[in-house]
Amino acid sequence: MAPAPIVLDSDPGLDDAVALQYLLGTGLWDLKAYTAVGGNAPVDRAFRNARGLARAFGIDGDVPVHRGAGRTVSRVVSDSGFHGPTGLGEEELPDSTAPEQEESAAAALLRLSHRHEGELTVVATGPLTNVAAALLQDPGLARRVRRLVFMGGAARVPGNCTPLAEFNVWADPDAADIVVSSGIPYTMVGLDATHGWRFTHQDLARLDAAGPGQEMTARFMRTYLRAYETNHGDGSCPLHDPLAVGVAAEESFVTTATGTVVVECASELGRGQTVFLAQDKAERYSYPPHILDRTRHTGRVALGTGPRDFSTHFTETLLRRPSL
Ligand SMILES: [Ca+2]
């Protein structure tokens, strides 16, 4: 089967970096653009990291890297610090050899949605700022995209950034709300599923043993594991962003349900909460009209891990795709 057109929108970010490597390693995708969004790092830093990663993986001659929106839709600024001073731990990667793209991430997304109408998959592993910006500019994007898979949200589990919110949605809740109410066919891959597929010290040992081409990845994953150990007391780390890329090709890594997601945007404490209304349960509640308005479109929501083992598949796929 010919590789399918895809855009990866990302806020690199340690797990974003390995999500790119994983995507390339699957051999399933024709990456048309790698777009940067602010989130784990401010947008200019995310853009620099994205260019550096494109070079590190030897795609800077083929895959354009686009800078994302300069501000979030929600006008909030977030820089979690979780991914270290540069967003890639302490890594400062050599810049891409390609000239900087003038075209913004949103403009690239719209252009590619016309060129590959009905065929383009979009995977977003950062806040949904760029996708929302494109939808605000041209709502028709929603029906031209084949599928949007985004890492974000927490349907039935606590958040990781506040008790109610997952980081990507918390970082730009209005953007997430615009996206899930746009009619775009989407799959939400949030904490319900990503916390179930882990990367362990045994997996890290496999990268260490692989030697040339995996040293950078091993450094990223070692830093990421350490951040989870320090901040959450975990001996392993979740594979948030890679799982979203995995699900874009193979839904059996997760279990899903169809329903509506409503994003809490106005509340101070609840900001970024993703309220999930399963389709078959919807009639049990009565909503005021302004909420009903936001429940018109449904999507698929990952509610847990699926039958196919993502963790092993992830590490094996990385091993197939060394960096330069
Ligand atoms: Ca990310």
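Let us start at Gly 13, which sits in the loop between β1 and α1; helices (H or I, at least four residues) and strands (E, at least two) are DSSP runs numbered from the N terminus. The peptide bond leading from Pro 12 into Gly 13 is cis, with omega near -10 degrees. Keep in mind that this is a predicted model, in which local features need pLDDT of at least 70, side-chain atom pairs count only at pLDDT 80 or more, and totals for chains, interfaces and linings use all residues. Residue numbers run from 1 along each chain as its sequence is written.

**The sheet**

An open sheet of 9 strands has mixed pairing and the order β3-β2-β1-β4-β5-β6-β11-β9-β10; two strands pair if DSSP finds at least two bridges between them. At the edges stand β3 (65-66) and β10 (274-278), each with a single partner strand, so one side of each has no neighbour in the sheet.

Strand β1 is a good place to look at the pairing in detail, and the table lists its two parallel partners.

| Strand pair | Residues | Bridges | One bridge pair |
|---|---|---|---|
| β1 and β4 | 4-10 and 120-124 | 4 bridges, parallel | Asp 9 with Ala 124 |
| β1 and β2 | β2: 29-36 | 7 bridges, parallel | Ser 10 with Ala 36 |

Burial here is counted from C-beta atoms placed from the backbone: a residue is buried if 20 or more other C-beta atoms lie within 10 Å of its own, exposed if 12 or fewer, and partly exposed in between. By that count β1 is mostly covered, with 5 of its 7 residues buried. In β2, 6 of the 8 residues are buried, so this strand is largely enclosed by the rest of the structure.

**A covered helix on the sheet**

Helix α7 (residues 173-180) packs on the sheet, where it touches β6 (186-189), β9 (254-263) and β11 (299-305). Its direction makes about 110 degrees with that of β9; axes are lines fitted to C-alpha atoms, for helices over the stretch in contact, and angles run from 0 to 180 degrees between N-to-C directions. The helix is mostly covered, with 8 of its 8 residues buried. Among them are Pro 173, Asp 174 and Asp 177, along with Ile 178 and Val 179. The buried residues of α7 pack against α4 (129-137) and α6 (167-171), as well as β6, β9 and β11; two residues are in contact if their C-beta atoms, placed from the backbone, lie within 7 Å.

**Two helix pairs**

Helix α1 (residues 14-26) and helix α10 (residues 215-232) pack at an angle of about 145 degrees, and their axes are 9 Å apart. Their crossing is left-handed, a label used if the near helix is turned anticlockwise from the far one by less than a right angle, with right-handed used if clockwise. On the α1 side the contact involves Leu 14, Asp 15, Ala 17, Val 18 and Gln 21, while α10 brings Thr 217, Phe 220, Met 221, Thr 223 and Tyr 224. By class, this contact has 6 nonpolar, 3 polar and 1 charged residues; Ala, Val, Leu, Ile, Met, Phe, Trp, Tyr, Cys and Pro count as nonpolar, Asp, Glu, Lys and Arg as charged, and the others, Gly among them, as polar.

The axes of helix α3 (residues 105-115) and α4 come within 8 Å and cross at roughly 60 degrees, and this crossing is right-handed. Here Ala 105, Ala 106, Leu 109 and Leu 110 of α3 meet Asn 130, Ala 133, Ala 134 and Gln 137 of α4. The contact of α3 with α4 has 6 nonpolar, 2 polar and no charged residues.

**The core**

Leu 109 turns up again in the largest nonpolar core, which has 99 residues; Leu 109, Phe 150, Val 179, Val 189 and Ala 244 touch the most other members. Such a core is a set of buried Ala, Val, Leu, Ile, Met, Phe, Trp, Tyr and Cys residues joined through C-beta atoms within 7 Å. Helix α1 gives the most to this core, with 8 residues. Setting aside neighbours within four places in sequence, Leu 109 is in contact with Val 7, Thr 35, Val 122, Asn 130, Ala 134 and Leu 141.

**Loop residues**

Arg 75 lies in the loop between β3 and α3 and has a positive phi of about 60 degrees although it is not a glycine. Arg 75 counts as exposed because it has 8 C-beta neighbours inside 10 Å. Gly 70 is found in the loop between β3 and α3 too, and is exposed, with 12 other C-beta atoms within 10 Å.
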